[in-house]
Amino acid sequence: MLVYIFSEIYLIFVLCYWLVTSVKLNRLHMVWFLLITLILTLGVPEWDRSIHILNLLSPDWGNGSILVDMSYNFGPYIIAVRSLVTLLFSFYFIVTLENSNESSQPKVLSSAESQGNYLFLIILLSFYIILSSYDLILLYISMELLALSSYLLAAMDWQGFSRPKSNQHKTAAAPTAVLTLTADPKPQVWAVPAAGTTGGSPTGEPGSPSAQGGAEFDAAVARVSVAPLAAEASLKYYIMGSISSSFYLLGTSLVYGIKGTINFGSLAASEALGITYNNDIFLIGIIFILFYFLFKLSIFPFHQWTPDVFQGVHINITAFFALLPKSVFFFLLPYLIVNFAPMIIFTESFNNIIGLISWNGISDPKDTAQTGGLGSAFTWNFVQAADPSRVGLILGLISILLGSFLGLLQSNMKRLLAYSSISNGGFMILALATNSFIGYNSFYFYLIIYLISNINLFTALHFRVNQVQEFKNLVYINPIFTFNFTILLFSLAGVPPLAGFLSKFQIFYSVTNYILWSGDSVAKFLIIVFLGLFLSLFAAFYYLRIIHFFYFFNPDQESFNHSVHKNWKPDILPSYLLSVSSLLLILLGLYPYPLIEFSNFLTLCI
Amino acid sequence: MLYTIFLLQIILLGIIPFAKVNIVKEITLIIYSFIFLLTLCLWPLGSININNFNGYGEYLELFFLKFNVDLVSYPFLLLTTFLFPFCVMIYWNHKMEDMKGYLFTLTSILLLLIINFTTTNLFFFYISFEAILIPLFLLIGKWGYRERKIIAAFQFFFYTIIGSFFLLMGILYIYYTKGTTDIEILYITDFKVSEQLLLFLAFFASFAVKIPMFPFHIWLPEAHVEAPTAGSVLLAGILLKLGVYGFIRFSIPLFPAATTYYFPLIETMAITGILYSSLSTLRQIDLKKVIAYASIAHMNLVVLGLFSQNIIAYAGSIFMMFSHGLVSPALFISIGFLYDRHNSRLIKYYSGLAHLLPIFSIFFFIMTLANFSFPFTASFVSEFLILLGLWDTSPIATILASSSVILSLLYSLWLMNRILFGPISPYINSYNDLVKREFNILFPLMALTIFLGILPNFFLSFL
């Protein structure tokens, strides 16, 4: 029984140990730790059974009955996803390996980096709990843990501390914030005016912030310096995240008010029993809960934070945001939808809700069906059409539209990535909205390919490129890197024969399946699929624009003198990662069957 | 045999990044010629009807993919492998930057084209159809000559990909409803008429952009002008034929009812294309643009012949495709030679070349004759067959289409006149006639055109 939470126990234990002994975490620590956690996660017995943990000391209850309140959940899906996430995390550390060409001195481990690593550990713990929670409140606690740690991560100024001691760089003249990092995951922040602390001089005594940070680092107090742009990004993320989590709480309270329980199992069971009293409020609660997820995944109505946050934070943290929380929530969402299906998926009155929301004035659903004219036609259409996940379709399509169109004018690389992640999120919601086996299959396929592409992308982008124009003439500097990057961009754009096209094709195929099978007209199919394809075309433009900067210009001396270009040689390990992922993208485009098998497996696990 | 072709190409793709430039050039040329000889070996003996999979055809089965060469795809295949060695030879002594990248791109285009013409799976056809855009985009953009190449490359890419989206929708629909995308099975299935109409439109959108039909033809002059010589050769020679191949292979057999239904529309578009592009050429100042617009006119004539329900016109259109694939590349190559010498493509710049470059003038003259379908050239045979077949279907169309004869005469002769004859241009300081290598490039093309003009049965026998 305890075996299943070995990874959490190990994590907490190691975290406390390291905190107590004030170890400064470097990358090696993290990777080693992650690999061990991975082994612990995978090495559990009895994968196939769905296990619920009630009480650590009592024997295994197997599939518990509904009457018992369990909070913690395991199953093959969760174990698989945990291991995937841990693996992804370890890849993340390879992705963010910094360039050794930049400074000739050996790299000093900055305290910012080690603080960041501690935060990563806490985030990993929150991932595990998110994935295994069987309870709305436990989910909330873990998601908030993740969120708060992310706010902190977003605000950290990695640049300020990652210089070796002897350099005389200007630090950004920014106020420093003092952070108290206690064992309680809720930190408090005080902003201290710059004059009051010693780190405030713009030129900075050589390495003084880092010296101070290094010397004073202990479990209680750490100094973190905040760059203005990162502060703004973090603040935006914090405010918006708080609003959406308050929506989540509101939704939870509504659900609790209606159903009397927050346990997923009990909720699912009560749905199965068909208790539909006051179902509308319940469904509104579910929608509010969904808002939080949509926020984290930056789907349409909640995508505004993405460009600003991605741009503001350091590139490592952008990589983190694009890869890890998104993947966890994307893995979580189908699990919630499928297992606790009656919560989100189709019921009779849900249709009337849609009619309600989009056509104001009617309070009682029953009346709409009985009054003649526009009202009944409207709701009857919906009932006939049998898709409340039309909402999912619409959200997905609009996300794709926004991601493509808004990205067209961007010249900042990180913003571009934000818009591309919005667009990709839209595709995935489109796949989820079909609620069919093949829909989930294509969803996982797309998700994994999306993750591979992002790993590739962030490895390639590690060179602190800000503007797209800085990519000029890359092919003369480093042709193989350029080739890899080209393959990646074409895959993101969805051009055959690469994997990106295949994943998009699968999604559109599942959407086709869904539309045509429910007996809808061909016209609807045409409109929806055409819209999806057409809108993703516009995304192709900005990917191609990057490519055209690589190749199409004549080499002239001034573009070679750009300071960014001096750093174009990647390290060994990231370059392996880069090449392997590009190769995967090509191969998976031609021979996707292993991955399709895997996504089959995942879908079946749910 | 097909297996060796693929294998060779993949080996070539692997070798190119790693060897020195000179060796790579030679190896590429040898392998391309060898591939051409291999496709010659597949020459059909005896006449069998089209689309016969069991009777004739090299058949290759790889994992789950089936490749097949049959009578429909054979001319295209031959044309493709015939033109590729020329593409390498054009740049043999050229001081072109990044020769290896260029050859790599070329080889990938060849691989994709061969896949395109030999797959039996609709989905793989689509994949190769679109995948060609990647190397071509890079080809036009990187090795093009002028600043406008960026716009041209993007335009080319986006026109084609938007059209292909409709094709993708059609494929999705077919895949969903029929459960397969294999051609052999699809040929036997029936589509409802209403389905056929819509699906035909979807397929048509994509193919109509590739053959440039009237409203979607703008990318062609841009792309041709901005592309490097070999790029234009490939574009004009083969890529336009992709659309025609799509028609022959997919639209017409799969949706016969829709073909007859849409014939008036296509006829109108084609004739408009012919007239419009022919008239547009008269005002052009750029040499390549003239030939590009001429390509539009020829291809529209091909489409006209395809869709008339007449076997004579059908044969004529396939033959015209082949001959156009010989003539237009030859013209583009000649213009490329001029550009290599004088770095200009303005018509006003050149005049009186017959005095200075006699051998070049002979080739240019004969190719121009072929361009406007002078008798004795292959284009004449094909155009005549098309018009002959079209008469039965629709006399009005024939009358309007035969105006293309006059119009093409107009611009071709006028072009030739201005370049070759007349007073020697004051801008030209030096003159250097065709080198042996260039002679060797142009000569086979010209010879084949005339040869096919005199003995078309060589080719028509298996149509």
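Biologist: Why is K236(A) called partly exposed?
Modeller: The yardstick is relative accessible area, with a 1.4 Å probe and protein chains only: under 20% is buried, over 50% is exposed, and anything in between is partly exposed. K236(A) comes out at 26%, so partly exposed it is.

Biologist: What kind of model is this, and how are things labelled?
Modeller: It's a predicted model, where local features need pLDDT of at least 70 and side-chain atom pairs count only at pLDDT 80 or more, while totals for chains, interfaces and linings use all residues. Residues are numbered from 1 along each chain as its sequence is written, chains are lettered from A and ligands numbered from 1 in the order in which they are written, and side-chain values use heavy atoms, with hydrogens and water left out.

Biologist: Back to K236(A): what makes its pairing with E232(A) a salt bridge?
Modeller: The rule wants a side-chain nitrogen of Lys or Arg within 4 Å of a carboxyl oxygen of Asp or Glu. The side chains of K236(A) and E232(A) meet at 3.1 Å, N to O, so by that rule the label fits. E232(A) is partly exposed too, at 39%.

Biologist: How far apart are the two along the helix?
Modeller: About one helical turn, because they sit four residues apart in α8 (residues 228-259) of chain A. Helices here are DSSP runs of H or I with at least four residues, strands are E runs of at least two, and both are numbered from the N terminus.

Biologist: Which parts of chain A does the K236(A)–D308(A) pair tie together?
Modeller: That salt bridge, again 3.1 Å from N to O, joins helix α8 to helix α11, so it ties parts that are 72 residues apart in sequence. D308(A) counts as partly exposed at 23%. Shared partners then put E232(A), K236(A), D308(A) and R415(A) into one salt-bridge network.

Biologist: Why is α11(A) called mostly covered?
Modeller: Six of the eight residues in this helix, 305-312, are buried. Among them are W305(A), F310(A) and G312(A).

Biologist: Where do D286(B) and R345(B) sit, and are they buried or exposed?
Modeller: These two form a salt bridge at 3.6 Å, N to O. D286(B) is in the loop between α12 (256-281) and α13 (287-307), R345(B) is in the loop between α14 (311-342) and α15 (353-356), and they are 59 residues apart. Both residues are buried. Over all chains, the search finds five salt bridges.

Biologist: How do you know that the length of α3(A) makes sense?
Modeller: The expected span is 1.5 Å times one less than the number of residues. For the 20 residues of α3(A), 76-95, that should give 28 Å, and the end C-alpha atoms are 28 Å apart, which agrees. Since 17 of those 20 residues are buried, the helix is largely enclosed by the rest of the structure.

Biologist: How many salt bridges and polar contacts run between chain B and chain A?
Modeller: Zero salt bridges, and zero residue pairs in polar contact with both at pLDDT 80 or more. A polar contact is a pair of N or O atoms within 3.5 Å; within protein, one must be able to donate a hydrogen and the other to accept it, and residues adjacent in sequence count only if both atoms are side-chain atoms.

Biologist: What makes up the side of chain B that touches chain A?
Modeller: There are 25 nonpolar residues, one polar and four charged. Here Ala, Val, Leu, Ile, Met, Phe, Trp, Tyr, Cys and Pro are nonpolar, Asp, Glu, Lys and Arg are charged, and the others, Gly among them, are polar. The area buried is about 3,300 Å², with 87% from carbon and sulfur atoms; buried area is the accessible area (1.4 Å probe) that two parts lose on being put together, summed over both. M169(B), L172(B) and Y176(B) supply 21% of what chain B buries there, more than any other three residues.

Biologist: Which residues does V529(A) contact, beyond its neighbours within four places in sequence?
Modeller: With contact meaning heavy atoms within 4.5 Å, the partners are F508(A), V511(A), T512(A), M169(B) and L172(B). V529(A) belongs to helix α23 (residues 522-551) of chain A. At 0% relative accessibility, V529(A) is buried.

Biologist: And why is T229(B) called buried?
Modeller: Its relative accessibility is 3%, so it falls in the buried class. T229(B) is in helix α11 (residues 229-254) of chain B, and its contacts include Y91(B), K288(B) and F332(B).
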